[in-house]
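This report goes through selected local features of one structure, taking pockets, cavities, helix packing and backbone geometry in turn. Please keep the sequence and the coordinates at hand while reading.

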Amino acid sequence: MMEQVFQYLSENNQEHLEQLKQFLRIPSVSTDSTYKEDVKKAAGFVAEYLKNAGFRHVEVEETNGHPLVFAEWLEAGAEAPTVLFYGHYDVQPAEPLGEWKSEPFDPDIRDGRIYARGASDDKGQVFMHLAVFKAFLQTTGKLPVNVKVCIEGEEEIGSANLYDLLQKEKEKYEADFAVISDSGMVANDQPTILYGLKGFTGLEFTVKGPDNDLHSGMYGGAIRNPAMAMAHILTSMKNEDEVVLVEGFYDGVEELTEDERDLMQKAPGEDFTVSTGAKETVSEKGYTAKEHTMARPTLEINGLYSGYQGEGTKTIIPATATAKLTCRLVPGQDPAKVQDLLAEHIERKLPKGVTVSIKREPLSAKAYRVDPNHPLIRKAAESFSETFGKEAVYVRMGGSIPVVEWLDSIYHIPVVLLGFGTPEDRLHSPNESFPLDHFEKGMQTIANYWNKVKKID
């Protein structure tokens, strides 16, 4: 059976590439209402492809925002597991347009890569799965597993309607496990098992002093400067060893085991000084930069503004100062509780003479981690290694994918992250691309994986 599938994928590789180009030409930018009809068009492309592939039940489900494509093929039998495949067809805006070497929505192939917005995130990786489904159905007439497909059009704007939909139609989307390809590898051609993601939360707070900016000569020494008050608060939140000083911040945090540290050490690592231009790395005392980014919580200032920003000097005491903070969380931390701790710390450290208002980030998510020895994860590693000819490495990622935590919390199922992107893909940036060899090898890996998990140990 697998020989037929692999032969089909090989013989139709060029056709798949042309179909991917059609998909990438649709400017499905979810954040800009100008592209609303294009977003619908992209949903239609996905639905039509699934129908042509052989899915008997396909629907474009309307939401309060952009539509979601749902499909199912449940003819593998009761003995076979049911998998929920999730992806998204919406993309980030292409701006700044002047930095693209080719048109962002006119795919261009050069240097072994396909360049276009969405090539890696996430149209290219979604399409690979669609093509594999078609390969099985067109050659063998069936899939090795029962499949439910959920491909949304709002991931790039926070999946605003997905959580409620998954809760409301729980039985419809229920499965034994989920597979997502919206991530990548630590290096080109290096199979990577991503078994953990950080959670996310944050807040914005504004320190207010006088009703308006004041003359610093006339009022300095009498009125508290909100910018200085803000500086006192911020420096009280983290020390020079990158240890967060907010009371209770580390409560419940799962410590890194020696086995996990060994897994992380084996994975190829980014040279942060080269990729970022920073002179040296800094990380939490007792942890390497790799360990900190993958598996320790962080607190960062994302924005900070107050007072005069123009050329030269304006001698004032500003009326307000504002800071935006975010935290990346690890297992054992609750986003709402962390927000409470941050707010309490800010209020406790607020100097006299100023007031504070706090605005909490509404889109938060818990961290996710699956046992790297889970049979589904091991089968993924085997599938990668057989295709790429290398042993897979195991990592946790500093980023967050909220839908992963939602699937875990709503359905209590393992989520397998089959990522085929590379560090050179330039996600969300001009000149986004995806390697053509990963496009081909990725489809072989996916096909191999469905065959391996048709029976879960």
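## The second largest pocket

Helix 5, which spans residues 162-168, gives the most to the lining of the second largest pocket, contributing 3 residues. The model is a predicted one, and the space in this second largest pocket comes to about 160 Å³.

The complete lining of the second largest pocket consists of Glu 61, Glu 62, Thr 63 and Asn 64, together with Asn 161, Asp 164, Leu 165, Lys 168 and Glu 169. Sorted by class, this lining of the second largest pocket holds 5 charged residues and 3 polar ones, with 1 nonpolar residue.

## Cavities

The count of cavities of 30 Å³ or more comes to 5, and the largest cavity has a volume of about 40 Å³. Its lining is formed by Thr 63, His 66, Pro 67 and Leu 68, by Glu 152, Gly 153 and Glu 154, and by Asn 161, Leu 162 and Leu 165. In the lining of this largest cavity, 4 residues are nonpolar, 4 are polar and 2 are charged.

Some residues recur in these two descriptions: Thr 63, Asn 161 and Leu 165 belong to the lining of the second largest pocket, and Thr 63, Asn 161 and Leu 165 are also listed for the largest cavity.

## Helix 1 against helix 4

Helix 1 (residues 2-11) packs against helix 4 (residues 123-139) at an angle of about 125°, and the axes of the two helices are 9 Å apart. Angles that are neither under 35 degrees, nor over 145, nor between 65 and 115 count as oblique, and helix 1 and helix 4 are therefore oblique to each other. The crossing of helix 1 and helix 4 is right-handed.

On the side of helix 1, the contact is made by Met 2, Gln 4, Val 5, Tyr 8 and Leu 9, while helix 4 brings Ala 131, Val 132, Lys 134, Ala 135, Phe 136, Gln 138 and Thr 139. By class, the contact of helix 1 with helix 4 comprises 8 nonpolar, 3 polar and 1 charged residues.

## Helix 1 against helix 15

Helix 1 also packs with helix 15 (residues 436-452), here at an angle of about 160° and with the axes 10 Å apart. Because angles over 145 degrees count as roughly antiparallel, helix 1 is roughly antiparallel to helix 15. Helix 1 passes helix 15 in a crossing that is right-handed.

Met 2, Val 5, Phe 6 and Leu 9 of helix 1 make this contact with Met 443, Gln 444, Ala 447, Asn 448 and Asn 451 of helix 15. The contact of helix 1 with helix 15 contains 6 nonpolar and 3 polar residues, and no charged residues. Met 2, Val 5 and Leu 9 are among the helix 1 residues listed for the contact with helix 15, and Met 2, Val 5 and Leu 9 are likewise among those listed for the contact with helix 4.

## Backbone geometry

Two cis peptide bonds may be described here. One joins Glu 95 and Pro 96, with omega at about 0°, and Pro 96 lies in the loop that runs between strand 3 (82-88) and strand 4 (108-110). Another joins Asp 121 and Asp 122, again with omega at about 0°, and Asp 122 is found in the loop between strand 5 (113-115) and helix 4.

Asp 111, although it is not a glycine, has a positive phi of about 55°. The place of Asp 111 is in the loop between strand 4 and strand 5.

Notes
Residues numbered from 1 in each chain as written. Predicted model: local features only at pLDDT ≥ 70, side-chain atom pairs only at ≥ 80, totals over all residues. Heavy atoms only, no water. 1 Å grid on protein atoms, 1.4 Å probe; cavity = no way out; pocket = protein on both sides within 12 Å on 5 of 7 lines; lining within 4 Å. Points joined across faces, edges and corners; volume = space filled by probe spheres on them. Helix = DSSP H or I, 4+ residues; strand = E, 2+ residues; numbered from the N terminus. Nonpolar A, V, L, I, M, F, W, Y, C, P; charged D, E, K, R; others polar. Axes fitted to C-alpha atoms, helices over the stretch in contact; angles between N-to-C directions. Left-handed = near helix turned anticlockwise from the far one by under 90°. Contact = heavy atoms within 4.5 Å.
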